[in-house]
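Biologist: Could you walk me through the empty spaces inside this one, and then a bit of sheet?
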Amino acid sequence: MLKPTRLSRRRFIFSGVAAAGALLVGWGALPPRQRVRASHPLPLTGGAVALNGWVAIGTDGSVSVAMPRSEMGQGVHTALPMLVAEELDVPLSAVRLLQAPLDSIYGNVAMLRDGLPFHPDEQGNLKAVAQWTVGKVARELGLQITGGSSSVKDAWGPMREAGATARALLVAAAAREWRVAPAECRTEAGFVLHASGKRLAYGALAARAALSEPGEVRLKQPREFKLIGTPAPRRDSAAKVNGSAGFGIDARPPGLLYAAVRMAPVLGAGVASVDAQAVKGMPGVSRVVDFSAALSPLGGARAGAAVVAASYWQAKQAALALPITWTEGPHGKLSSEQIFQEFAAKLDSESGYAYHQVGEVGAIAQGVGGVAKVLNAEYRAPYLAHAAMEPVNCTAQVKDGKVWLWAATQSPSLAVKAAAKVAGVAAADVVLEVTLLGGGFGRRLDVDMVAQAVAVAMQCGGAPVQLIWSREDDIGHDVYRPAALARFSAGLDAGGKVLVYDNHSASGSVSHQFFKRNLGLPPGGPDKTTAEGEFDMQYEFANQRIRHVIVDSPVPLGYWRSVGHSHNAFFKESFVDELAHAAGQDGVAFRRALLARHPRHLAVLDAAVARAGAAPAGRAHGVALHQSFGTIVAQVAEVSVEGREIRVHRVVCALDCGIAVNPNIIAQQAESAVVFGLSAALFGAVTIKDGKVEQSNFHDYPVLRMGQAPEVETIIIASAEPPEGMGEPATPPIAPAVANAVFKLTGQRLRSLPLTLA
């Protein structure tokens with residue numbers, strides 16, 4: 001039997017820290033640096049006064065709050081200001097948002113810390129020290145990234161502390177003015193009040209408060225919350241309804257030119273020649289730019305050229321007509337079939353990294369160790385594109401040694417870094433305006449479009465250029481959700497109890513590719529995202545082992561909404577349902593028996609099942625339970641089958657995400673995640689043939705239509721725990737819930753995505 005490769009977690013974690021150049025002698029023993037006072041001033045106007053790196057007060061009492069996270073429909077521009085407004089005691093309507101400058105206090109600590117490959121139930125010094133150390137490294141790196149369902153989780157501490165600190169400064173200033181003790185003062189709706197009846201508005205106190213010392217800073221207890229936990233209306237809704245909201249593609253700096261792209265259709269191919277003269281006479285065309293040298297390997301954008309013109313239509317028509325000769329490249333014969341064959345061969349020959357192992361897992365054979373029945377299954381999932389509604393775009397201007405960017409990006413830090421590298425300027429000479437995002441789903445964590453736009457703008461004499469990808473460009477040149485193959489083997493005793501559970505899977509590594517192309521870090525070690533949703537499951541099997549083999553991928557890989565959970569939940573929850581059937585038990589009862597030490601999971605499962613009730617005639621209920629990004633989600637999908645069509649009518653989604661900062665936004669995210677996950681479950685597949693992506697637009701890469709969307713009912717379990725992630729966790733359970741319902745209706749066990757009936 002192959003023994004699992006047990007690379008030391010300690011060696012992996014701390015070698016990575018050392019490689020980042022951040023772990024110095026004695027440094028690890030120091031407390032983390034504060035995240036309230038910034039090194040760079042806030043971009044203030046009109047006499048507003050900054051009280052710390054997050055909060056400024058205007059003379060009119062308005063509150064400006066630094067916003068380091070990107071709004072892509074998930075409601076972060078409403079939820080994060082609520083944290084400051086709560087502690088500062090101001091109405092949410094008084095808060096204005098400022099784009100945060102690039103400063104390390106705004107870096108996303110929670111996302112990097114949560115990337116450590118520890119089981120949620122695991123305790124001990126190694127986990128505590130690793131989280132402590134990586135959190136400190138993340139604080140020093142200061143990467144401003146919106147991803148990993150981490151925005152509220154990461155902001156829960158620093159933004160509340162910033163609001164509370166500002167409040168304490170204002171109270172101290174008023175107390176000094178009145179010559180009373182700060183403890184005699186209270187705050188309400190933007191005023192400091194005293195029992196004597198005196199009151200001063202924050203705006204009148206701001207200048208003096210900036211010169212004060214805050215004294216004791218106390219965060220509110222949950223029982224004191226007035227705003228957090230309420231369904232406050234979204235702040236971006238009106239602008240998105242009336243059309244005034246500004247997305248990346250809406251940028252209109254004076255003198256704007258447009259660029260359309262042609263990129264190598266075959267993975268790894270390059271540009272042999274470009275006949276620019278062939279299109280220079282076409283209407284509006286000003287130049288052709290080969291941007292190949294600006295791109296990182298294994299990015300979505302490949303070698304190619306852009307045509308610049310007075311309008312996008314003119315640029316696009318010329319780009320389509322542009323004669324380009326491509327080099328062959330090393331992957332001209334690559335196919336999806338070959339990729340899955342390699343996965344299978346690796347699983348046959350390599351043990352991989354054991355992310356989690358409990359008890360003894362030997363060769364599972366009937367009649368050995370009380371095993372009466374052996375169940376084996378193999379599951380697979382395809383590559384997936386992101387297909388966000390706003391086309392990939394970036395607007396850039398390079399002039400007088402500076403770069404201006406208008407970008408719908410999830411990664412401001414990486415966008416600035418990429419622009420500076422391409423233009424050959426310092427990061428301080430890059431000015432970035434982060435716009436609203438018309439969907440991100442992880443695609444806009446990458447900055448290949450920024451590199452392209454800057455490379456093109458450098459050749460345009462100082463004029464701003466808006467580079468836009470067509471839908472065909474996007475689907476054919478994405479950074480894809482990895483394809484994956486998973487094998488399961490389990491042994492049950494005569495009573496249906498699972499004695500042994502073994503899971504062995506293979507895929508490429510998103511994190512290895514992402515950090516190499518964006519930060520220049522060498523790939524190596526385990527990648528939590530490859531096995532998340534498998535190794536960190538909640539079920540209490542006494543003997544279990546979860547291993548993964550990373551297979552180098554010639555296909556560009558990127559973070560896709562819920563990342564590894566998106567397919568691993570399908571694998572795991574479908575196989576658990578198979579185990580329940582093999583044990584002759586109901587799927588819900590089977591799961592409940594495996595959750596004795598997980599009361600929060602039980603409560604979520606029970607809430608979803610109770611709300612779902614009984615399935616109507618002709619339909620079946622499928623159940624799935626999954627934890628991701630700290631949030632526990634149970635879903636019951638009500639499904640019917642008509643011929644070969646799978647129809648989902650209703651989904652009950654119960655969840656425990658800790659304290660619900662804004663219940664309305666949580667419900668919206670759950671509904672969005674279900675619909676997004678259903679698109680993938682029922683239709684999504686990117687396939688490779690002769691080194692090319694075969695899909696091109698929504699006719700062959702369909703998404704769920706309005707008429708196909710189910711009713712989604714969301715149940716939020718009350719909790720006093722700190723907030724966890726919410727943008728992604730409702731995506732993983734929907735595919736297995738539907739597949740489990742289909743099995744009840746048809747007897748067919750669908751082990752491949754998308755779900756297709758024979």
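Modeller: We can take the cavities and then turn to one sheet. This is a predicted model, where local features need pLDDT of at least 70, side-chain atom pairs count only at pLDDT 80 or more, and totals for chains, interfaces and linings use all residues. Residues are numbered from 1 along each chain as its sequence is written, and side-chain values use heavy atoms, with hydrogens and water left out.

Biologist: How many cavities of 30 Å³ or more are there?
Modeller: The count comes to four, a cavity being a set of points on a 1 Å grid over the protein atoms alone where a 1.4 Å probe fits but cannot get out.

Biologist: What lines the largest cavity?
Modeller: Its lining residues (an atom within 4 Å of a point) include Arg481, Trp560 and Thr731, and the space is about 60 Å³, a volume being what is filled by probe spheres set on the points, which are joined across faces, edges and corners.

Biologist: Which helix gives the largest share of that lining?
Modeller: Helix 19 does, with three residues; helices here are DSSP runs of H or I of at least four residues, and strands are E runs of at least two, numbered from the N terminus.

Biologist: And what is the volume of the second largest cavity?
Modeller: The second largest cavity has about 40 Å³, and Asp527 and His567 are among its lining residues.

Biologist: Switching topic, what is the strand order in the open sheet of three strands?
Modeller: The order is 5-6-7 with antiparallel pairing, where two strands pair if DSSP finds at least two bridges between them. Strand 5 (185-188) and strand 7 (199-201) are the edge strands, each pairing on one side only.

Biologist: Which residue is the bridge partner of Glu188 in strand 6?
Modeller: That partner is Phe191, and four bridges join strand 5 to strand 6.

Key: On a 1 Å grid over the protein atoms alone, a cavity is a set of points where a 1.4 Å probe fits but cannot get out, and a pocket is an open set with protein on both sides within 12 Å along at least five of seven lines; lining residues have an atom within 4 Å of a point.
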